[in-house]
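Here is a short report for a first look. Start with the picture, then read on.

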Amino acid sequence: MFNVVKPKHINKTFRMPAELVDKLEALAQDKGVSVNSLIIQCCEYALNNLEKENSENG
């Protein structure tokens, strides 16, 4: 049976250095994705790799 799933999102505000935001915006535009999508991917990548580093060193 087909089920429609609505992902849960939460709005948060973060303060970031202007230079970092400029780099993220440029990269997002270059890759054809939204800045929001890029930030999500960056955070997921960092968390996934942090977990691997902690399990290897622990």
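The text below covers overall form, cysteines and a pocket.

This is a predicted model, where local features need pLDDT of at least 70, side-chain atom pairs count only at pLDDT 80 or more, and totals for chains, interfaces and linings use all residues. Residues are numbered from 1 along each chain as its sequence is written, and side-chain values use heavy atoms, leaving out hydrogens and water.

**Overall form**

The protein chain has two helices and zero strands (DSSP runs: H or I of at least four residues, E of at least two). Its radius of gyration, taken over C-alpha atoms, is 16 Å. The globule rule (2.2 Å times the number of residues to the power 0.38) gives 10 Å for 58 residues, so the chain is more spread out than a compact globule. The C-alpha atoms fill a box of roughly 45 × 35 × 25 Å along the principal axes. Buried residues (under 20% relative accessible area, 1.4 Å probe, protein chains only) make up 5% of the 58 residues.

**Cysteines**

The whole structure has zero disulfides (pairs of cysteine sulfur atoms within 2.5 Å). Why is Cys42 not bonded to Cys43? The sulfur of Cys42 is 6.8 Å from that of Cys43, too far for a bond. Both residues appear below; partly exposed means between the 20% limit for buried and the 50% above which a residue is exposed.

| Residue | Relative accessibility | Class |
|---|---|---|
| Cys42 | 35% | partly exposed |
| Cys43 | 43% | partly exposed |

**Lining classes**

The lining of the largest pocket has seven nonpolar, four polar and three charged residues. Ala, Val, Leu, Ile, Met, Phe, Trp, Tyr, Cys and Pro count as nonpolar, Asp, Glu, Lys and Arg as charged, and the others, Gly among them, as polar. A pocket here is an open set of points on a 1 Å grid over the protein atoms alone, where a 1.4 Å probe fits, with protein on both sides within 12 Å along at least five of seven lines; lining residues have an atom within 4 Å of a point.
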